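This briefing covers selected features of one structure, grouped by topic. Please look at the sequence and the structure before reading on.

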Amino acid sequence: MSCAATRSLMEAYSQCLAAMLAWCPDACVDALLDTSVQHSPHFDWVVAHIGSAFPGTIISRVLACGLKDFCSHGAKDQGLLMMGMDKGNRIPKIGSVVGILGHLAAHHSESIRKELLRMFQESLSPSSPLSPTSSSTSWESSPQLRRSAVPFLLQLAAMSPNLFGAVSAELVEQLRPSILLQLQALLQGLPKEELENMLGLAVHLISQSPTGGARVLKFLADTATPASVIISGPTPSPHEGVREGCDRLLQMLLLHLHKLVFNRSDGAEVSPHTSASSQPQRVIPFLEELRSHVAQLCAETLRLERKRHLWLHQLLCLLAVYGGPSVATETLCQLLTQARNPEELALAWQLHTNLSSCMAGLIPAAVAHSVAQIHTHTLGPRQLKQLLLNLSIAIQSQDEDRKGGGAQSSMAVQVGSAVSGHLHDFCPLLLHSDAAVSHSTARLLSCSPLPRTSSPAHLLLLSRAAVTHFFMALRKRVEAGNVGRDGGQAGEAVNCSVLILSRFAAYSPLTLKAILQQLAEGALHKGNADLFGGQVADMSGAPVTNPSLSSDLGASLLDINCRFSTSVNFSGSVWSVFHAGVIGKGLKHRTASQHPDPAGVIWNIQTLMEVIVQCCTSSGLNGTPSPSDPDEPLPINAEAAKVIAVTLVESVCPDVANGELSWPPEEHARTTVERDIHIRRCFEAHPVLFPLLQVVAAGRPALCYCSAVLRGLMATLLAHWEAFREASSTDSPWHLQASCLLVSCMGEGQLLPPVLANVHEAFPHLNPFEVRLLLLAVWEYVRGNGPLPQKFVFSSEKGMFCRDFSRDGDVARYVAPIHSVLHKNIDRLGHLCWRFQL
């Protein structure tokens with residue numbers, strides 16, 4: 001255009017064209033196109049330049065002339081679409097049409113898009129009678145040209161991706177049911193071979209579409225889905241022929257994508273509808289766009305609509321192979337997260353089965369990806385709960401095909417192995433604020449295998465989370481019972497928690513020790529004490545006063561005690577001072593504590609004892625030999641019971657040294673009055689202490705390490721019975737029960753010989769003075785025969801430690817007070833005399 005002569009010719013032609021467009025536009029454009037064809041592609045810019053001045057006319061006339069030429073050549077060749085680009089080479093003007101529109105697209109893309117859509121719509125609208133004045137040369141008046149418009153547009157789209165991209169976005173929205181019926185009616189007259197070629201070209205265009213792939217897929221799936229599945233709505237359902245056509249097109253698309261995906265390594269595919277210059281490369285645009293819609297595709301697949309979910313599942317498999325391990329992992333994770341029942345979950349395993357032949361390690365990668373989503377808080381509570389449940393269902397499934405590779409090929413084994421490597425990542429979810437997530441995690445951990453090796457830090461994390469979840473599950477069960485709800489899920493959560501703790505305890509000595517210690521401490525913790533009927537106690541062991549129930553006395557006992565202890569220290573002496581109140585204000589105010597449901601307390605204590613006994617009978621510490629009789633319960637492990645004993649001593653009375661095993665004379669109790677009262681108040685405030693002592697007593701000789709606590713409790717009981725002035729011991733029920741349980745535990749732990757261990761059977765029939773006499777006999781025996789672990793010898797027959805009392809000397813002198821009491825109360829205790837024979 002910098003040449004003056006060229007510029008003058010262009011201006012002259014533009015003026016001539018402007019003058020002739022009014023009465024012979026087709027002749028002008030035909031002449032222009034004929035010249036362009038003769039000198040293409042060097043003359044295309046001339047047509048585009050001239051068309052820029054007349055875009056509305058030139059674009060429509062170029063398309064009309066191209067359609068006429070396409071139709072005339074197609075009629076001669078007995079087929080509209082035969083060999084794609086080769087066909088285009090035999091149609092002289094269609095190449096120029098593509099080149100001209102390509103030049104115009106830079107500034108008139110919107111006009112081109114509108115004109116292409118108008119041609120498509122006009123080709124489907126009912127034909128009007130011919131008008132000799134205005135439409136004699138227009139393509140809209142010719143039925144043959146109208147039938148050729150859709151194949152012509154497909155051919156243009158195949159030859160020019162830019163033209164296809166301009167109309168593909170809106171074309172799907174134009175395909176309403178009425179338009180689809182018109183399109184079907186238009187294409188019914190085409191020969192079968194031409195129709196097959198059209199479908200093949202449409203499939204190729206869809207697979208190479210860089211945008212709108214998800215919209216096209218949704219349109220095809222919605223239209224091809226059987227009518228019985230489609231929800232009736234304001235839009236009428238498509239005709240059955242339209243549905244079958246979309247079904248065929250969708251199946252051809254899947255087959256074409258399958259070939260593209262699995263032939264990518266062989267280089268470019270030679271398509272019958274494209275030339276060598278436009279062969280598809282390694283990138284498949286349709287699948288490339290769907291990579292960002294994996295979650296939506298998975299959600300549609302899991303709707304389980306017939307045929308539709310099969311198509312989408314096949315597409316997900318192709319997308320996973322195309323995208324590689326990253327997309328395959330994401331797809332499997334989405335299915336595991338969104339599946340809500342076994343039928344939906346089966347689609348995830350089908351996907352894995354299809355991909356396992358070309359991808360290894362898919363399940364471990366999916367579990368690792370899920371763990372990463374947990375750490376980044378990508379999943380909501382509902383999705384997280386569903387993921388955990390699906391993983392637990394996968395591990396528990398026993399119907400997997402174990403043929404071929406044996407057990408290692410089982411889906412349950414693979415998922416279990418992958419989950420076991422991330423137990424420390426799943427364990428914090430036991431403490432999730434959402435109860436459903438916490439329960440799902442418990443189900444997963446209760447069935448997943450434990451790792452072969454694990455670091456101590458991870459083991460302690462597992463133990464702490466499992467114990468905390470146990471107490472949370474107990475509280476949920478109590479709350480469910482209080483409000484009258486069905487406690488099925490709460491009870492199942494407790495059962496899962498018990499199973500988790502017993503499995504972790506049997507895993508290693510470290511986890512066993514940590515779990516037992518945390519269970520004993522947690523049962524006495526102020527946050528959990530009410531579960532087991534306990535009361536929150538202050539530093540002195542007395543129940544804490546509720547500030548809302550007591551009046552302000554104007555003084556703080558804690559402040560007074562602190563100031564007093566800094567001035568004079570009477571600790572450990574006979575002059576120990578106790579503050580029962582404030583002078584002038586009266587005694588320390590006691591409040592009546594709220595007692596929980598006794599049945600619930602007993603249930604919780606039984607559950608706690610069940611957990612502890614299961615842990616103590618596991619082989620986590622030094623092994624536990626199985627009894628000779630299979631019906632006989634397993635013995636309590638001595639080392640495990642020792643852990644509980646040491647924990648109890650530290651919790652009840654922290655200032656007691658572990659070396660205080662031997663018992664001093666009874667008078668020595670005067671120097672430890674404060675500590676003994678604190679111990680007794682702890683036993684009053686925490687009913688769970690006696691059941692814990694019973695477990696310790698069963699694991700001989702672990703009860704020896706509770707010697708200081710036993711001594712302090714017995715000292716306060718002796719003082720109580722000495723000062724008690726009622727006629728019968730049954731008038732002091734708690735102290736009577738404590739005395740019986742104390743002697744029973746000492747007998748079970750073999751701190752006492754059988755003749756002394758039976759004295760608690762007579763306590764309910766005696767007066768307080770006689771109870772004190774028998775307790776003094778017990779005290780004197782333990783003082784003379786210290787509770788030392790060295791006195792116990794392991795018995796291989798019984799599988800536990802036993803004590804030979806014949807080495808401790810004569811027991812008769814300790815039994816004399818017992819016989820005296822028996823003779824005095826022979827009318828009431830005659831049936832017990834045989835229990836105290838040497």
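Where is the place of Pro787? The model is predicted, and in it Pro787 sits in the loop between helix 34 and strand 3 (792-795). Further points concern salt bridges, of which a search of the whole structure finds 14, and two helix pairs.

**Surroundings of Pro787**

- Pro787 counts as buried, because its relative accessibility is 1% and buried means under 20%.
- Beyond its neighbours within four places in sequence, Pro787 is in contact with Leu661, Ser662, Trp663, Cys704, Ser707, Leu751 and Val782.
- Cys706 is 81 residues away from Pro787 in sequence, while the C-alpha to C-alpha separation of the two is 9.5 Å.

**Salt bridges involving helix 34**

- Glu722 and Arg772 form a salt bridge through their side chains, with an N to O distance of 3.8 Å.
- Glu722 belongs to helix 31 (residues 707-723) and Arg772 to helix 34 (residues 768-784), so this pair ties together parts that are 50 residues apart in sequence.
- The partners in this bridge have separate exposure classes: Glu722 is partly exposed at a relative accessible area of 46%, whereas Arg772 is buried at 13%.
- A salt bridge also joins Glu770 and Lys824, with the closest N and O atoms 3.6 Å apart.
- This second pair links distant parts of the chain, since Glu770 is in helix 34 and Lys824 is in helix 35 (residues 812-824), 54 residues apart.
- Glu770 counts as buried because its relative accessibility is 2%, and Lys824 counts as exposed because its relative accessibility is 61%.
- Arg783 and Glu780 form a salt bridge in which the closest N and O atoms are 3.0 Å apart.
- Both Arg783 and Glu780 lie within helix 34, three residues apart, or about one turn of the helix.
- Arg783 is partly exposed, with a relative accessible area of 37%, and Glu780 is partly exposed too, with 28%.

**A salt-bridge network**

- Salt bridges link Lys218, Asp222, Glu300, Arg303, Glu305 and Arg308 in a network.

**Helix 14 with helix 16**

- Two packed helices are described by the angle between their axes and the distance between the axes.
- For helix 14 (residues 294-301) and helix 16 (residues 325-338), the axes come within 9 Å and cross at roughly 45 degrees.
- That angle makes helix 14 oblique to helix 16, and the crossing of helix 14 and helix 16 is right-handed.
- On the helix 14 side the contact is made by Val294, Ala295, Cys298 and Ala299, and on the helix 16 side by Val327, Glu330, Thr331, Gln334, Leu335 and Gln338.
- The residues of this contact between helix 14 and helix 16 comprise six nonpolar, three polar and one charged.

**Helix 24 with helix 25**

- The axes of helix 24 (residues 488-505) and helix 25 (residues 509-524) cross at roughly 135 degrees and come within 7 Å.
- Helix 24 is therefore oblique to helix 25.
- Leu501, Phe504 and Ala505 of helix 24 meet Thr511, Leu512, Ile515 and Leu519 of helix 25.
- Six nonpolar residues, one polar residue and no charged residue make up the contact of helix 24 with helix 25.

Conventions. Residues are numbered from 1 along each chain as its sequence is written. This is a predicted model: local features need pLDDT of at least 70, side-chain atom pairs count only at pLDDT 80 or more; totals for chains, interfaces and linings use all residues. Side-chain values use heavy atoms; hydrogens and water are left out. Axes are lines fitted to C-alpha atoms, for helices over the stretch in contact, and angles run from 0 to 180 degrees between N-to-C directions. Helices (H or I, at least four residues) and strands (E, at least two) are DSSP runs, numbered from the N terminus. Angles under 35 degrees count as roughly parallel, over 145 as roughly antiparallel, 65 to 115 as roughly perpendicular and the rest as oblique. A crossing is left-handed if the near helix is turned anticlockwise from the far one by less than a right angle, and right-handed if clockwise. Contact means heavy atoms within 4.5 Å. Ala, Val, Leu, Ile, Met, Phe, Trp, Tyr, Cys and Pro count as nonpolar, Asp, Glu, Lys and Arg as charged, and the others, Gly among them, as polar. A salt bridge is a side-chain nitrogen of Lys or Arg within 4 Å of a carboxyl oxygen of Asp or Glu. Buried means under 20% relative accessible area, exposed over 50%, partly exposed in between (1.4 Å probe, protein chains only).
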